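Thanks for coming. I will take a few minutes to walk through one structure, and you can follow along on the screen.

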Amino acid sequence: MTNTANIAKGLEGVLFTETRLTFINGAEGILTHLGIPIQEWAEKSTFEELSLALLDGELPTAAELARFDADLKANRAVPQGLLDVISAMPRGIHPMQALRTAVSYLGLLDPQAEETTEEARRAIAIRMIAQFATVIAAINRAQEGQEIVAPRMDLTHAGNFLYMLTGKEPTEEQARLFDIALVLHADHGMNASTFTAIATASTLSDMYSCITSAVGALKGPLHGGANEAVMDMLDEVGTPENAEAYITAKLDRKEKIMGVGHRVYKYFDPRSRVLRDYAAHVANKEGKSNYYQILETIERVVVERMGSRGIYPNVDFYSGTVYSDLGIRKEYFTPIFALARISGWCASVIEYTRDNRLLRPDAVYTGARDQHYVPLQERQ
Ligand SMILES: CC(=O)SCCNC(=O)CCNC(=O)[C@H](O)C(C)(C)COP(=O)(O)OP(=O)(O)OC[C@H]1O[C@@H](n2cnc3c(N)ncnc32)[C@H](O)[C@@H]1OP(=O)(O)O
Ligand SMILES: O=C([O-])CC(=O)C(=O)O
């Protein structure tokens, strides 16, 4: 007899650990880190501060933040050996493929990589938070056949990333806008990639293995890859006039719309509201973004038709328009998600391994029983 009634498909609603970092109320669209609403983090804080707060589980003092900021800056440069590997990667690959390989390779070059004490995990986390920016920017430059840009120490994490990516110093407003996007993406409870990082950590594996697995999980279109898929959809829609008919036909065919729906949120993802406001701000200011107008229409139709089923825009819905207005190509949207989520991944691994237990769920066996091996030559 098999009992499949108790299967929590997709582990929906399954509680497997405690956390003090992030709280989500999906019904009301509430997200907090350390009990502080995401809107306040976005408005008042920085990616550097949130990263440290997640790592330590408390708001840092000014001195602690200054030390952390200096540590990040001191770790911005990556070994030349890694830059050589990035430069030698085949052209035309997806940057998430490149990032997955680069993180793993970074581990080969870090003498501390195999250490799994909390102290070592924290030191590696700081290096990875700093170096993700350099690595992703270097991948972009190498793939574009351009000179890799060395990090600058006088810019914020967000500003320096944009500088290394484009070779041009961003305006203060651009750097701050990008910083807010990083804050919004830094952590989100037991999402698929964080869970993957934790599953790897639960075997007492090393940080680079945890984060390499997490990058792989983030890459998929049902998770971090959705931001790029939204942009593909916008390019397919083409003009704001076309948006309503396009999305109506898609919903009629029962196709999934990218950037909407969420396992936990059954109402607006609060991050999507903050990003919508910035997308609107940029679109109005520049007077150029067709993308924003298309998204507005798609949001209206989706909420009208699917809102009663709990399907609303998620964080990936508007993020791409913000990035594209900063001149970033859509293939880099998911790597940028990783650039932010590295903090949440590292903090969650550190928190989980403090009281580690091997993650090992089970499945209901529904296959054959009481069989015997049939020799190859006797099989039909
Ligand atoms: C950062 C992030 O990871 S946020 C999420 C990013 N991913 C996306 O934007 C991809 C599009 N969204 C989705 O695929 C889903 O909403 C998920 C995977 C994110 C979460 O959804 P789940 O809770 O697992 O719901 P599931 O995929 O089982 O769908 C449940 C029902 O809602 C419908 N549904 C869910 N999402 C969507 C969507 N985006 N568009 C249309 N219908 C949807 C499904 O078709 C299904 O309908 P059915 O019951 O009639 O078959
Ligand atoms: O929590 C999730 O399932 C997905 C998500 O929104 C995130 O990782 O930011």
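One definition before anything else: a residue is called buried if 20 or more other C-beta atoms lie within 10 Å of its own, exposed if 12 or fewer, and partly exposed in between. Please also keep in mind that this is a predicted model.

Let me apply that definition straight away. Asp316 has 29 other C-beta atoms within 10 Å, so Asp316 is buried. Asp316 sits in helix α15, which covers residues 316-325. If we set aside neighbours within four places in sequence, the contacts of Asp316 are Ala226, Asn227, Val230 and Gly259.

Why start there? Asp316 is one of two residues, the other being His262, that carry the "active site" annotation in an unreviewed UniProt entry. The two span 55 residues in sequence, but their C-alpha atoms are no more than 10.5 Å apart, so they gather at one spot.

Now His262. Is His262 buried or exposed? His262 has 22 C-beta neighbours inside 10 Å, and therefore counts as buried. Unlike Asp316, which is in a helix, His262 is found in a loop, the one between α12 (240-252) and α13 (270-286). Again leaving out neighbours within four places in sequence, His262 is in contact with Asp269 and Asn314.

His262 and Asn314 come up again when we turn to the ligands. Which residues surround ligand 2? They are His188, Gly189, Asn191, His262, Arg263, Val264, Asn314 and Val315. By class, that shell has 2 nonpolar, 5 polar and 1 charged residues. The shell also draws on two domains: at least three of its residues come from domain 1 (22-220 + 330-353), and at least three from domain 2 (226-325).

Ligand 1 is surrounded by 18 residues. The closest are His223, Ala226, Lys256, Gly261 and Asn314. You have met Ala226 already, among the contacts of Asp316. Asn314 belongs to the ligand 2 shell too. The shell around ligand 1 divides into 7 nonpolar, 8 polar and 3 charged residues.

For contrast, here are two residues that are not buried. Asp232 lies in helix α11 (residues 226-237). With 13 other C-beta atoms within 10 Å, Asp232 is partly exposed. From Asp232 to Met258 is 26 residues in sequence, and 9.4 Å in space, C-alpha to C-alpha. The second residue is Ala66, in helix α3 (residues 62-74). Ala66 has 12 other C-beta atoms within 10 Å, so Ala66 is exposed. Ala66 and Asn160 are 94 residues apart in sequence, with their C-alpha atoms 17 Å apart.

Last, the protein as a whole. How many helices and strands does the protein have? The count is 16 helices and 3 strands. Of the 380 residues, 45% count as buried. The C-alpha atoms fill a box of roughly 70 × 55 × 45 Å along the principal axes. A compact globule with 380 residues would have a radius of gyration near 21 Å, and the protein has 22 Å, which agrees. As for contacts between residues at least 6 apart in sequence, 77% of them join residues at least 24 apart.

To close, go back to the two annotated residues. His262 is buried, Asp316 is buried, and they gather at one spot. That is all I have.

Technical notes: Residues numbered from 1 in each chain as written. Chains lettered and ligands numbered in written order. Predicted model: local features only at pLDDT ≥ 70, side-chain atom pairs only at ≥ 80, totals over all residues. Near = placed C-beta within 6 Å. Nonpolar A, V, L, I, M, F, W, Y, C, P; charged D, E, K, R; others polar. Domains from an automatic or database assignment. UniProt positions renumbered as here; feature names shortened; annotations may be inferred. Helix = DSSP H or I, 4+ residues; strand = E, 2+ residues; numbered from the N terminus. Contact = placed C-beta atoms within 7 Å. Rg over C-alpha atoms; globule rule 2.2 N^0.38 Å.
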